[in-house]
Amino acid sequence: MEKLIISGGSPLKGTVHIGGSKNSCLPILAATLLTREKCVIRNVPDLADVRTMCDLLKWLSARVKHDRANGVIEVQAESPLGVAPYELVRKMRASVCLLGPLLARLRNCKVSLPGGCVIGNRPIDQHVKGLSRLGAEMTIENGYVHARCNELVGTDVFMGGRFGSTVTGTANILMAAVLAKGTTVIDCAACEPEIADLAHFLIKMGAKITGAGGPTIEVEGVAELHGADHAVIPDRIEAGTFMVAAAITGGDVEIKGACAAHLSAVRDKLEEAGVNVTRTNGTIRVSGGASHRALEITTMPYPGFPTDMQAQMCTLMSITPGISVVTEKIYPNRFMHLSEMARLGADVALESNTAIIKGVNYLSGAPVMASDLRASAALVLAGLVADGETEVNRIYHVDRGYEKLDQKLRHLGAHIERADE
Ligand code: EPZ
């Protein structure tokens, strides 16, 4: 396994280019199963999760051509198989997005349950409920979800759970509804930009969808879909992570290629903390203020403050004077990063799903352990400012969701190296 060795103290300066969205390209790659024709997906980041999705599509006997250097993936699923195995599915929660397209295409499929995740319980009851509403018989046995139907029939589907709407659940229902008979109305749909991007791709394939990106999506089912060529949206979480990196190091960074409209909540909170954030035609410029202000943050479904940026903000708040309060409403247990941050000298306490963070004057470098994708990013950010050397171990977690994070940070002046553990 590999680790990152970081020597803190260098303000980041320069320009960073944001790649395509992990959470957009994964469901879109699954959606290529909806047609027998070739699809071309562009602006795809070179991530472990993307390679896992390609392996799954190949397992399902799709023809996959992955040009990693240029971020282009060609997929053609002429006659896909209907079983997604545990050995591959367990690597990635987004594998659950295979359910909707396989059911719509084959009327009979089995997808392994995605399994546990350190950020908390990852149920799929809303996925099962939604697909059942469209006419599927859903059974869970031997660790697999088995979905079958004679035909899918459009109807009203409510996608709200006790934590709000579900992103991959909305994606699954959308991908099933596009080939259902009649009209489907998805209420309490996830409003994340990744859903709008998926819908954009499906419409290019011939689907009839209105309202995606909002809470109510209407789908007019069609008999079949054709191939399409689509470039995925920029990764708003990668962009947000670099915004925090610029702020926490007191640097001055130009972030190119991001979609500022997807980052309003992050920008709002950074500005509230006293960070300078400016936007000039497609570039977001972030410069860390001399000192920052403590914050109160609560994670919410989009367009609220994203849970995927919660850990990164905890790091910023750990060296911000005052007492910050961070409440996690999407994954109440998503605080694995706090114990590792305490090893670096952070003063953090956890009350149920709320972190109480007392800003300290400095963090001191130490070996820490990555536990999940965004917690790992938070520990890297901590290493950028900690005195001395920080080792972030098990960085395969980082590589699942960030393309060349260490290279991009080094390009901005960070002292960060990759090494074998
Ligand atoms: C997506 O996960 C993202 N992943 C997550 O990003 C992100 O944190 C999450 O949305 C919330 O924004 C992808 O898009 C691949 P959910 P998803 O279903 O769709 C509950 C990252 O770091 N729930 O929206 O799987 C669930 O327990 C990842 O990039 C049910 O109760 O998340 C959770 O509390 C991490 N029943 C909440 O909803 C269900 O059937 C959100 O889960 C489904 C979900």
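# A walk from loop to ligand

Begin by selecting Pro 303, which sits in the loop between strand 20 (296–298) and helix 10 (310–318). Helices and strands here are DSSP runs numbered from the N terminus, with helices (H or I) of at least four residues and strands (E) of at least two. Now add Tyr 302 to your selection: the peptide bond from Tyr 302 to Pro 303 is cis, with omega near 10°.

Before going on, a word on what is on your screen. This is a predicted model, in which local features need pLDDT of at least 70 and side-chain atom pairs count only at pLDDT 80 or more, while totals for chains, interfaces and linings use all residues. Residues are numbered from 1 along each chain as its sequence is written, and side-chain values use heavy atoms, with hydrogens and water left out.

**Stop 1: two loop residues**

Select Asn 142, in the loop between strand 8 (137–141) and strand 9 (144–148). Asn 142 is not a glycine, yet its phi is positive, at about 55°. Is Asn 142 buried or exposed? It is exposed, with a relative accessible area of 74%. In this tour, buried means under 20% relative accessible area, exposed means over 50%, and partly exposed is in between (1.4 Å probe, protein chains only).

Next, jump to Ser 352, in the loop between strand 22 (347–351) and strand 23 (354–358). Ser 352 has a positive phi of about 60°, and it is not a glycine either. With a relative accessible area of 63%, Ser 352 is exposed.

**Stop 2: the ligand**

Select the ligand and show the residues around it. How many residues surround the ligand? There are 24, and the closest are Arg 93, Gln 126, Thr 168, Asp 308 and Ile 330. A residue is near the ligand if one of its heavy atoms lies within 4 Å of it.

Try coloring this shell by residue type: you should find nine nonpolar, seven polar and eight charged residues. Ala, Val, Leu, Ile, Met, Phe, Trp, Tyr, Cys and Pro count as nonpolar, Asp, Glu, Lys and Arg as charged, and the others, Gly among them, as polar.

Then zoom in on the polar contacts (pairs of N or O atoms within 3.5 Å; within protein, one must be able to donate a hydrogen and the other to accept it, and residues adjacent in sequence count only if both atoms are side-chain atoms). Three to visit:

- Asn 23: a polar side-chain atom is 3.0 Å from an oxygen atom of the ligand.
- Thr 168: a polar backbone atom lies 2.7 Å from an oxygen atom of the ligand.
- Arg 334: an N or O atom in the side chain is 3.3 Å from an oxygen atom of the ligand.

Taken alone, the ligand exposes 820 Å², and the protein buries 92% of that. Such areas come from the Shrake-Rupley method with a 1.4 Å probe; for residues, only the protein chains shown count as cover.

Which helix gives the most to the shell? Helix 5 does, with three residues. Helix 1 (22–31), helix 5 (125–133), helix 6 (167–177) and helix 12 (373–385) each supply at least two. Color by domain as well: domain 1 (2–19 + 234–420) and domain 2 (22–231) each bring at least three residues to the shell. Those bounds come from an automatic or database domain assignment.

**Stop 3: helix 12**

Stay with helix 12 and show its surface: 13 of its 13 residues are buried. At its start, a side-chain oxygen of Asp 372 reaches to within 3.3 Å of the backbone nitrogen of Arg 374.

**Stop 4: salt bridges**

Side chains of opposite charge can pair when their charged atoms come close. The structure holds 21 salt bridges, each being a side-chain nitrogen of Lys or Arg within 4 Å of a carboxyl oxygen of Asp or Glu.

Select Glu 2 and Arg 418, whose side chains meet in a salt bridge (2.8 Å, N to O). Glu 2 belongs to strand 1 (residues 2–7) and Arg 418 to strand 26 (residues 415–420), 416 residues apart. Glu 2 is partly exposed at 33%, and Arg 418 is partly exposed at 29%. Add Asp 399 and Asp 406 to see a network of salt bridges linking them with Glu 2 and Arg 418.

Now move to Asp 46 and Arg 51, a salt bridge with its closest N and O atoms 2.7 Å apart. Asp 46 is buried at 17%, whereas Arg 51 is partly exposed at 27%.

Finish with Arg 63 and Glu 78, whose closest N and O atoms are 3.0 Å apart in a salt bridge. Arg 63 lies in strand 4 (residues 63–67) and Glu 78 in the loop between strand 5 (72–76) and strand 6 (83–84), so the pair ties together parts 15 residues apart in sequence.
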